[in-house]
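Colleague: I have the sequence and the coordinates open side by side, and I would like to go through some local features with you. Can you put them up for both of us?

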Amino acid sequence: MGAAIEVRNLTKRYGKMTALDGVSLDIDANEFLVLLGPSGCGKTTLLRCLAGLETPDEGEIRIAGDVVFSAERGLSMPPGKRQIGMVFQSYALWPHMTVFDNIGFGLGIQKLPRDQIRTRVDNVLRDLAMEGLGERYPSELSGGQQQRVAVARLLATKPPVFLMDEPLSNLDARLRMDMRTELKRLHIDSDATTVFVTHDQGEAMTLASLIVVMNKGQIEQQAAPLDLYRQPASLFVADFIGMPRINLVSAESVQENGRGWANVDDFRIPLFNDAPQGRLTIAARPEDITLSLEPQPDAVEFKVYGALSSGPELMVQALRGSTMITVRGSPQQDVKMDQPIWLTFDPSAMNLYDESSGKLLGAHQ
Ligand SMILES: Nc1ncnc2c1ncn2[C@@H]1O[C@H](COP(=O)(O)OP(=O)(O)OP(=O)(O)O)[C@@H](O)[C@H]1O
Ligand SMILES: [Mg+2]
């Protein structure tokens, strides 16, 4: 059974540097929570605080209702007592132990009988496609295999909380995909609460039941993957989530004859009803813009600046004046450099942001 985690006002400083700045977070039992954010935003620090490997300066942490850390009460439960299993960013395996012993070590400490340890280790080795590697030493494994041993070691002990810090970063692209599927299955089968750190937003979108986006030691937004994608709460999140990147266009929003328009340079884009007015930033995803090779009503003429086809997908960079827009075309569309194209922006998939604060002003319904 997974354990719920409560984090209250957690602050961690290294000298003058504030790595975590008053973070509060509720994680439900059995959640697959992904901490996402750019390098240095505090993801590893938060995970290490949960694990008990760092001592925060302020705040409180509860796991399964038990206070495991409280700055006020001067209480800090040691890592071994916190009922957590952790895979570190730099996976630390014991070099003098075989793969089998590395994975089985925690079970030995739990005083599990030898035959049960063998069964459990064999099972995780099979789950992670590493059968037959049990007798090797870490130095005889590739980086990706070592990383899988680190994951296997965590899974074998079946803790109620999994903490994983970029556990797939050393795997090649295809293995990474396979491991994502395995991890998701293992999370569900094991009934654990998982906190998973990555700066790879594709990984976050596919694995998470809840994503927490961090920026400079603070939480920017927490939401289910699709909600985060459709309605980012700030320009930071809008820009961070999505590949290719979301289009951000500075515009003047006006109402004319009961209809909202965004004036951009020498062209205008229709907006949704009751859109906020004034100077703002429009955010539109590449798939929410339609590309036509012929003029269309309300469409704006652009020129093809670049076109990248990856087989099933066509990405076009469209330019008009100083405005560059990325739009997702269809693979059948044959576009040539510099040819005119017409873009139709879908007002029902657009978000509007305050230019200075970066906060969401108005969202499509
Ligand atoms: N032991 C330490 N001493 C001093 N500063 C540290 C220490 N550990 C982390 N920091 C600083 O705290 C900030 C947060 O670091 P952290 O490792 O949590 O980032 P991260 O989000 O995990 O980044 P990455 O994606 O690169 O792993 C960074 O500015 C980092 O330089
Ligand atoms: Mg890190």
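Colleague: Is K111 buried or exposed?

Modeller: This is a predicted model, and in it K111 is exposed, because 7 other C-beta atoms lie within 10 Å and a residue counts as exposed at 12 or fewer.

Colleague: Where is K111, and what is its phi?

Modeller: K111 sits in the loop between helix 2 (99-109) and helix 3 (114-127), and its phi is near 60°, which is a positive value in a residue other than glycine. For context, most residues other than glycine have a negative phi.

Colleague: Which other residue has a positive phi although it is not a glycine?

Modeller: N30 has one, with a phi of about 75°, and its place is in the loop between strand 2 and strand 3 (32-36). N30 is partly exposed, because 18 other C-beta atoms lie within 10 Å, and that count falls between the limits of 12 for exposed and 20 for buried.

Colleague: Back to the two helices on either side of the K111 loop: at what angle do the axes of helix 2 and helix 3 cross?

Modeller: The axes cross at roughly 130° and come within 10 Å of each other. Helix 2 and helix 3 are therefore oblique to each other, since the angle lies outside the ranges that count as roughly parallel, antiparallel or perpendicular. The crossing of these two helices is right-handed.

Colleague: Which residues make that contact?

Modeller: Helix 2 contributes F100, I103, G104, L107 and G108, while helix 3 contributes I117, R120, V121 and V124. Sorted by class, the contact of helix 2 with helix 3 has six nonpolar, two polar and one charged residues.

Colleague: And how does helix 2 pack with helix 4?

Modeller: Helix 2 and helix 4 (residues 143-156) pack at an angle of about 30°, and their axes are 8 Å apart. That makes helix 2 roughly parallel to helix 4, because the angle is under 35 degrees. Helix 2 passes helix 4 in a right-handed crossing.

Colleague: Which residues are involved there?

Modeller: From helix 2 they are V99, N102, I103, G104, G106 and L107, and from helix 4 they are V149, A152, R153 and A156. The residues of this contact of helix 2 with helix 4 divide into six nonpolar, three polar and one charged.

Colleague: Changing topic, what surrounds ligand 1?

Modeller: There are 13 residues around ligand 1, and the closest are Y14, A19, S39, T44 and T45. Strand 2 (17-27) and helix 1 (43-51) are the elements that give two or more residues to that shell, and helix 1 gives the most, with three residues.

Colleague: How does the shell around ligand 1 divide by class?

Modeller: The shell around ligand 1 has four nonpolar, eight polar and one charged residues.

Colleague: Where is the cis peptide bond?

Modeller: The cis bond joins M243 and P244, with omega about 0°, and P244 is found in the loop between helix 8 (235-240) and strand 12 (247-256).

Colleague: Last one: what does R328 touch?

Modeller: Not counting residues up to four places away in sequence, R328 touches P286, E287, E313 and M315. R328 is found in strand 19 (residues 323-329) and is partly exposed, with 16 other C-beta atoms within 10 Å. R328 and A4 are 324 residues apart in sequence and 41 Å apart in space, C-alpha to C-alpha.

Notes
Residues numbered from 1 in each chain as written. Chains lettered and ligands numbered in written order. Predicted model: local features only at pLDDT ≥ 70, side-chain atom pairs only at ≥ 80, totals over all residues. Near = placed C-beta within 6 Å. Helix = DSSP H or I, 4+ residues; strand = E, 2+ residues; numbered from the N terminus. Nonpolar A, V, L, I, M, F, W, Y, C, P; charged D, E, K, R; others polar. Axes fitted to C-alpha atoms, helices over the stretch in contact; angles between N-to-C directions. Parallel < 35°, antiparallel > 145°, perpendicular 65-115°, else oblique. Left-handed = near helix turned anticlockwise from the far one by under 90°. Contact = placed C-beta atoms within 7 Å.
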